[in-house]
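Visitor: I would like to go through this model with you and ask how each label is earned. Could you take me through the reasoning step by step?

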Amino acid sequence: MKNMGGILKLWKDIFGNWKYLSFLFLFMLFFYVFNVFVSNAGNLWYTYIQNGFSKMISLSFISILTFWRTILPSSFITMLIIGLLTGVLINIMIYNFNSIRNNRVKLGLASSIGFFLGVFTPGCAACGLGLAGLLGLTASLASLPFQGREISLLAIILISFSIVKTSHNLVSEKTCVINTQKTERRFN
């Protein structure tokens, strides 16, 4: 890739800034907590009904701290990778928005699909992670050849492609081609 040096410099500029770096870690934490709450929604609701709000909050904190032990290691790793990649992509888009002050940030089809798949099943479908677990689709996804891990892998590939493509678009020269031919008008 001819602009790889420019892309690496762009990433260094973005993630050398503590604001973007802290936003990346906050997004990863949010993505992790989101998956904890989606996976434990039934337990949290039952605890709230039976024992009240304070016990539900207590269970929430315990769930956040111990969630990584309750899922497959591969699910935990893909969930972290998807959270990291999505945070990187969002940071690049924010950097683009801040640097050119253009009111339209292009997300792109691959980014949208990758982000959706990453939120839909960020790990093994049988673990009940993401929106697939909330919608009750884990059994059907778990019947796939790799128990739904292929969807997570596809999300990782699409988000990675979107990061490289968006970075490439930011560092490549943007030229506007204007037709410079002069037209002559003849008056009779």
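Visitor: How do you know that the span of H2 agrees with what its 22 residues should give?
Guide: In this predicted model, a rise of 1.5 Å a residue leads one to expect 32 Å for the 22 residues of H2, and the C-alpha atoms at its ends are 32 Å apart, so the two values agree.

Visitor: What lies at the start of H2?
Guide: There, a side-chain oxygen of asparagine 17 comes to within 2.9 Å of the backbone nitrogen of lysine 19, and the cut-off for a polar contact is 3.5 Å.

Visitor: Why are phenylalanine 27 and phenylalanine 31 called a stacked pair?
Guide: The structure holds 8 aromatic pairs. In this one the ring centres are 6.4 Å apart and the planes meet at 20°, so the pair is stacked, given that centres must lie within 6.5 Å and planes under 30 degrees apart. Both residues lie in helix H2, 4 residues apart, which is about one turn of the helix, and both are buried.

Visitor: What makes tyrosine 32 and phenylalanine 76 edge-to-face?
Guide: Their ring centres are 6.3 Å apart and their planes stand at 85°, so the pair is edge-to-face, the cut-off being over 60 degrees. Because tyrosine 32 lies in helix H2 and phenylalanine 76 in helix H5, the pair ties together parts that are 44 residues apart in sequence.

Visitor: Why is tyrosine 32 called buried?
Guide: Its relative accessible area is 12%, and buried means under 20%, so tyrosine 32 counts as buried.

Conventions: Residues numbered from 1 in each chain as written. Predicted model: local features only at pLDDT ≥ 70, side-chain atom pairs only at ≥ 80, totals over all residues. Heavy atoms only, no water. Phe/Tyr/Trp six-rings, centres within 6.5 Å; stacked < 30°, edge-to-face > 60°. Helix = DSSP H or I, 4+ residues; strand = E, 2+ residues; numbered from the N terminus. Buried < 20%, exposed > 50% of the residue type's maximum accessible area, 1.4 Å probe, protein only. Expected span 1.5 Å × (residues − 1). Polar contact = N/O pair within 3.5 Å; in protein donor to acceptor, adjacent residues only side chain to side chain.
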